[in-house]
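Here's a quick briefing to read with the model open in your viewer. Grab a coffee and have a look at the chain before going through the bullets.

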Amino acid sequence: MTQPSRAVFLSIALAMLASTALAQIAAEGTIRGYVKDEQGGVLPGVTLTATTPARSASFTAMTDADGFYRLINLPPGVYTIVSELAGFSKFERTGLEVRAELNIQVDVTMRIGSVSESIQVSGETPMLEVQKTVQAVNISGDFQRALPLSSRREWSDSLALTPGIMSRSTDQFGGEVYFLRGTENENHVVQIDGGDVGSFEQNWPGFFARLNTEAISDTQVKTAGVDAASPLAVGMVINIATPSGTNQLRGSAAAVYTAKAWNGDNNPGGTPVAARVFQPDVAVGGPVVKDRAWFFASMRYTDRSTGVSRDATLLGNLNALVPNFQPFDNQGHLKYYFVKGTTQLSPNHQMYGYVQRDANAEEASFQVDGANFEVSAPGGSAYTGRLTSVWGSRMTTRLLAGYNTKGVNPSFSVFDNHLGTGGPSRPVHPTAFISGGVVQGSGRIAVLDNIPSRNITPASKLTFSADMTYFHTGGRAGSHEIQIGTYLQPRLEARNTIYYSGGGFALEEVVLRDPANPAAGTIPFHRRYYSAPTEDSQRLLAHDNAVFVQDSWKPAPRLTINGGLRLDWVKNTNRIYDLVTLDDFIVGPRVGGTYVLDADQKDIVHASWGRVGDVPNSAYLDPTSPGGTTGGGTSKLAFRDEYSTSIDGVFDRVLQTPAAPRTNPNLRTDPNRQWPFVDELIAGYRRQLPGQVSVDVSFLRRDYKSRPALVEVNGIYDNDVFRGYRDESLNDIFLLTDNQWNWFIYQGLELTAAKRTTKAQLITTYTRAWQHVGGTWQPNDPASFIQPDAFPNDRGLGTIRGAGTNSLSGTADTRNPMWEKHQFRTGLSYSAPWGIQLGTSFSVQSGPYSGPIVTRLSAADPRFGPPTVTLSNGRVVSNPLATAIRFANADRGIGQIKAPNLKILNLRLGRNFVLGRRRFEAAFDTFNLLNAGSDQQFLNGGNQLFSANYAARPDGSFLGVNRQPPRSGQLTVRYMF
């Protein structure tokens, strides 16, 4: 972006911030509709008042010249609407449920009569979004609390009911990770009451934003078709609505308990993910000043021990390699806090603010770790305040400010008692081989003594957002709901300090002397020495400043056309190198429409197209930093690699990598680099059926464009032969740019059904997905020289994080939990007679793919040059084309291994006891009732035909890792007053 255009953009954004206020990032819904007399004539000037037990304040609106009204800024709850006009009987509609960010239509017919007469009407609550084309699902707090979704009882459990989601347990401490239609776990936005509580470091839902489930009123999850006011994200946009307190003091106390003995065993000969949990929750809300100010507060304490999934082979390896090995669990003692205050400044002006805190350390060792030397402490604090104003019947404004300090590991003290032996990390491989002039292992089966490094990664995010919505009615052109606004994140910061193990001697890779007998000992074959024990590896300063405009135009009562434009200026500076890694102006147009097929708004078709940029986070803005999309990042220190080319423990080959100076010559940035985005097309049909049942059938297509790319530009290639480097003082020089050469394409058919009554609640969804990669190889990818025709792939495509430089590494494109063909999920709760409460959740999803299957030649092909090249300055460098690894099949999709399907059936049986105005609940949940035992991940080397970790065993079984948690039971009690 040029200097003049930056100045103009910033001036517009600041002007809009000064004059307008926040948009659809709030957590309220609306009720709208027409008021007519019995002959069908429109009635202007009708006063409508909405009240709910969830709030002490009431909400009013007046019909315009077309008889249309809008009750806006309604917090989730069940409402009664009263309509009044002189000469007509009072009309009262009860039992209307409002959900977070949902727009429902309720038309009113008034009868001539005295205003003292009252006509009460009850009926089914409209369930369909009538105005927007957004794909979204709402999960209320009471529904989530009634379901046996997971033993952890996190707010993010509700994401398991979201259409298009693929999920699995983490392989560290048992929480869930979520992937949407090909996205990664960090491509999401998490908001609480409209405030951004996600981390600039990594937006993992439920990991950087933790909340007591007593603090959930409603959660809306947008998965596609987001409007221009929504923050950038190619994944989910999640908004959690919390209670605000009323004039009556109310609260709850709850606890869950799982004994270790209540766990089954679905890992014969190994160790299951058996959990012990004690987790109390408390929440209270009430008045500060009656009718003017209210508070709500909640707190959670968690004492948890989670087993580490090891199969019999992994456990046998650890027993053989680690003297007196004893299986260990990952443990954590966690605390979450949330405090919120709300005040009604006047009938038309309301303000709230909250503080949320969740920084905690939890052990996080992996299956292959020989001791408990890994720990993680994600989270931090979030602060948000918002002012909402209504200016007459035509205009509303909102203003929000927020700040959060969500990062990972705030200080080195987090690692106390988890530092291993203090020496280097010693990954153990069953076999090793020479490729590209260096020795490589065939896949880790254990990690001994230590991990190579530990990271301290604080991060922060500052947000201001504002908008104005103006309602224009009348005229032949119909009505307009015009919204302009700005969304400013002027300061996004992340830092990373690396502490290398062994005082800089961080790594010693070893291989088994006898692959069939781990007890025979190991032989070292690769060592790495860093020139210093620590480095300040990342200092990023970024911003995302946006303006937007959009209009919901109703040219006819049944037709709504939505158009919007969002303009984001995203810039990032690597302050270690004084290097701008991105300076892009992102243009995000949206267009779509809804059409109501019938007069009672129960049949709706919708279609939309939009271009949506990805959420700014540090790993994508600077993929060369540790933790970036290259995986592990690029050290700025000098380091020395030593190899035993005969694999006999004698180190005869040394490769030196010089330190990167402050102006990093190893990295160049494309000044025209674009930020990643998705082009998205949606078409669907929604219908509300009798009995408070809704269905939605939709088709979606997403093209993931401009993923981060690192293109090697220093190598000299002559007729498919590597000749050396242009600048011989350096090895690889990478150009950080956007990938214009290939892109991921997702297509999916999604069916969703929901039911919500006082007795039963249901969400069920099925997704059928198809995916493939379009385009061709990235420049200078070794595969483009060696196997150019193997490019196609329609199974496991790899991660949208991008930035890969070598598709023939043997480990490329092996991260595939987001590329699964089928997904079915359902959650059902039912209130039976005598206070009996029943609940179930059931899910089946396809297993992920291995990524391209690779094999190994007995020796590198000499047509592509010798294993090493001696430069004119005497330095010896590895030949990237002298790899012995090859794709095993004609293209990368053929022959990929699919992990077993993941099946989970959970049940709940409970009872409610009503004690006057108080209530007590007790329930027992059973998780994984069938005690299924699917491995959810591949071992390192699971796609390599030559590896002992190859996933397809000769007997037809699957060799994997991260087995799903076994059958377990959990007691839940809850008291409400």
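What follows is a short tour of cores, a pocket, some strand pairing and one loop residue. Keep in mind that this is a predicted model. The largest nonpolar core counts 56 residues, and the second largest pocket holds about 700 Å³ of space.

**Nonpolar cores**

- Within the 56-residue largest core, the members touching the most other members are Phe200, Leu621, Tyr704, Phe744 and Phe887.
- Zooming in on Phe744, its contacts beyond four places in sequence include Arg702, Asp703, Tyr704 and Arg707, and also among them are His772, Val773, Leu797 and Trp819.
- There's also a second, separate core of 31 residues, with Leu147, Met236, Ala754 and Ile763 among its members.
- As general background, nonpolar side chains in soluble globular proteins tend to be buried together.

**The second largest pocket**

- If you want to find this pocket, head for Thr60, Ala61, Ile72, Asn348 and Val390, which lie nearest its centre out of 30 lining residues.
- By class, that lining splits into twelve nonpolar, 13 polar and five charged residues.
- Strands E3 (59–62), E4 (68–74), E21 (349–357) and E25 (381–391) each put at least two residues into the lining.
- E4 gives the most, with six residues.

**A five-strand open sheet**

- The strand order is E10-E15-E16-E13-E14, with mixed pairing.
- E10 (135–140) and E14 (195–196) sit at the edges with a single partner strand each, so one side of each has no neighbour in the sheet.
- E13 (residues 189–192) runs antiparallel to E14, and two bridges join them.
- For a spot to click on, Ile192 has Gly195 in E14 as its bridge partner.

**E50, E51 and E52**

- E50 (residues 742–756) and E51 (residues 760–775) run antiparallel and are joined by 15 bridges.
- A hairpin through three residues connects E50 to E51.
- Asn742 stands opposite Gly775 in E51.
- E51 also pairs with E52 (residues 822–831), again antiparallel, over nine bridges.
- In that pairing, Thr765 stands opposite Arg825 in E52.

**Asp600**

- Where is Asp600? Look in the loop between E39 (579–596) and E40 (603–613).
- Asp600 has a relative accessible area of 42%, so it counts as partly exposed, a class that runs between 20% and 50%.
- From Asp600 to Gly895 is 295 residues in sequence and 52 Å in space, C-alpha to C-alpha.

How values were computed
Residues are numbered from 1 along each chain as its sequence is written. This is a predicted model: local features need pLDDT of at least 70, side-chain atom pairs count only at pLDDT 80 or more; totals for chains, interfaces and linings use all residues. Side-chain values use heavy atoms; hydrogens and water are left out. A nonpolar core is a set of buried Ala, Val, Leu, Ile, Met, Phe, Trp, Tyr and Cys residues joined through side-chain atoms within 4.5 Å. Buried means under 20% relative accessible area, exposed over 50%, partly exposed in between (1.4 Å probe, protein chains only). Contact means heavy atoms within 4.5 Å. On a 1 Å grid over the protein atoms alone, a cavity is a set of points where a 1.4 Å probe fits but cannot get out, and a pocket is an open set with protein on both sides within 12 Å along at least five of seven lines; lining residues have an atom within 4 Å of a point. Grid points are joined across faces, edges and corners, and a volume is the space filled by probe spheres set on the points. Helices (H or I, at least four residues) and strands (E, at least two) are DSSP runs, numbered from the N terminus. Ala, Val, Leu, Ile, Met, Phe, Trp, Tyr, Cys and Pro count as nonpolar, Asp, Glu, Lys and Arg as charged, and the others, Gly among them, as polar. Two strands pair if DSSP finds at least two bridges between them.
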